[in-house]
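Open the model in your viewer and keep the selection panel at hand. The stops below take you through it piece by piece.

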Amino acid sequence: MNDALLAADQGVVTIVVLLIDYSAAFDTVDHAVALDIMEKKFGISHLCLQWFCSYLSGRTFSVIANSQTSQTVHLHSSLPLGSTLGPFLYLTYASELQEVAERHGVAFRSFADDTQLSKSARIDDVHIAKQAMIDWVHMISNNGAPRTA
């Protein structure tokens, strides 16, 4: 809100896209890719990386309905919702989204699984700003978290 007000003071408009509570995104986190990003982008290594690997490995999922339990599935993706590490691991995994947003000139604000994209422009250039936002959203919709490594 503050960024939009500051932009308005300068006579420009702000386009905002809210990706609110897309908690299903936690289910898309590939464990191997997340570990690779932690190691190569953030420099997490050795014992710390092994700890994260241990935390993510051996996870299973099943459903209980009407006293019946489904078959257990071994998970190679997904982060535990409600855990302390879930939001941290998701933001680490999705960190490349901010870099892509910056390449499109889009401001990126994120907390856990709530993300706000914004772009300010003069009223004469609002169609260019709108297209940059559309391009960014299409890119992540089609490709998921982009890989730059």
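**Stop 1: the helix core**

Start with α2. Its buried residues pack against α3, α4 (85-93) and α5 (95-103). This is a predicted model, so treat every value on the tour as computed from predicted coordinates.

Select residues 31-40, the span of α2. Which residues of α2 are buried? They are His31, Ala34, Leu35, Ile37 and Met38. Look down the axis of α2: these buried residues fall within an arc of 160°, so they line one face of the helix. An α-helix has 3.6 residues a turn, so residues three or four places apart point the same way.

Now turn to the face of α2 that points away from its buried side. Ala32 and Lys40 are there, and they are exposed.

**Stop 2: the start of α2**

Select Asp30. This residue caps the N-terminal end of α2. Show the side-chain oxygen of Asp30 and the backbone nitrogen of Ala32; they lie 2.9 Å apart.

Next, select His31. Its place is in α2. Is His31 buried or exposed? His31 is buried, with a relative accessible area of 8%; the cut-off for buried is under 20%. What does His31 touch, leaving out residues up to four places away in sequence? Display Leu56, Leu75, His76, Ser77 and Ser78: these are its contacts.

**Stop 3: across to α4**

Select residues 85-93, which make up α4. The buried residues here are Leu85, Gly86, Leu89, Tyr90, Thr92 and Tyr93. View α4 end-on. Its buried residues fall within an arc of 160°, so they line one face of this helix too. What covers them? The cover includes α2, α3 and α5. Show α2 and α4 together: the buried residues of α2 pack against α4, and α2 is part of what covers the buried residues of α4.

**Stop 4: two residues with positive phi**

Select His46. Its place is in α3, residues 46-56. Check the backbone: phi is positive, about 50°, although His46 is not a glycine. Is His46 buried or exposed? With a relative accessible area of 65%, His46 is exposed.

Move on to Asn66. Find it in the loop between β3 (64-65) and β4 (68-69). Phi of Asn66 is near 50°, again a positive value in a residue other than glycine. Asn66 counts as exposed, at 74% relative accessibility.

**Stop 5: the three-stranded sheet**

Select β1, β6 and β7. They form an open sheet of three strands in the order β1-β7-β6, with antiparallel pairing. Why does one side of β1 (13-19) and of β6 (107-111) lack a neighbour in the sheet? Both strands stand at the edges, each with a single partner strand, so one side of each is left without a neighbour. Sight along the sheet to see the twist: neighbouring strands are turned by 20° against each other on average, direction ignored.

Strands of a sheet pair through backbone hydrogen bonds, either parallel or antiparallel. Go through the pairings here one by one. β1 runs antiparallel to β7 (residues 114-121), and seven bridges join them. Pick Leu19 and find its bridge partner in β7, Thr115. Then pick Val16; its bridge partner in β7 is Ser118. On the other side, β6 and β7 pair in the antiparallel sense over five bridges. Pick Ala107, and its bridge partner in β7 is Ser118.

**Stop 6: Ser118**

Stay on Ser118, in strand β7. Ser118 is the bridge partner of Val16 and of Ala107. Is Ser118 buried or exposed? Ser118 is buried, with a relative accessible area of 8%. Display what Ser118 touches, not counting residues up to four places away in sequence: Thr14, Ile15, Val16, Val106, Ala107 and Met133.

**Stop 7: the whole chain**

Deselect everything and zoom out. The chain has six helices and seven strands. Color by secondary structure and read along the sequence: the pattern is α-β-α-α-β-β-β-β-α-α-β-β-α.

Color by burial next. Buried residues make up 30% of the 149 residues. Then switch on the surface. About 9400 Å² is exposed, and carbon and sulfur atoms supply 57% of it.

Finish with a contact map. Consider contacts between residues at least 6 apart in sequence: 66% of them join residues at least 24 apart.

Methods. Residues numbered from 1 in each chain as written. Predicted model: local features only at pLDDT ≥ 70, side-chain atom pairs only at ≥ 80, totals over all residues. Heavy atoms only, no water. Pairing = 2+ DSSP bridges. Helix = DSSP H or I, 4+ residues; strand = E, 2+ residues; numbered from the N terminus. Axes fitted to C-alpha atoms, helices over the stretch in contact; angles between N-to-C directions. Buried < 20%, exposed > 50% of the residue type's maximum accessible area, 1.4 Å probe, protein only. Contact = heavy atoms within 4.5 Å. Arc of directions from axis to C-beta. Polar contact = N/O pair within 3.5 Å; in protein donor to acceptor, adjacent residues only side chain to side chain. Areas by Shrake-Rupley, 256 points an atom, 1.4 Å probe, with all protein chains shown as cover.
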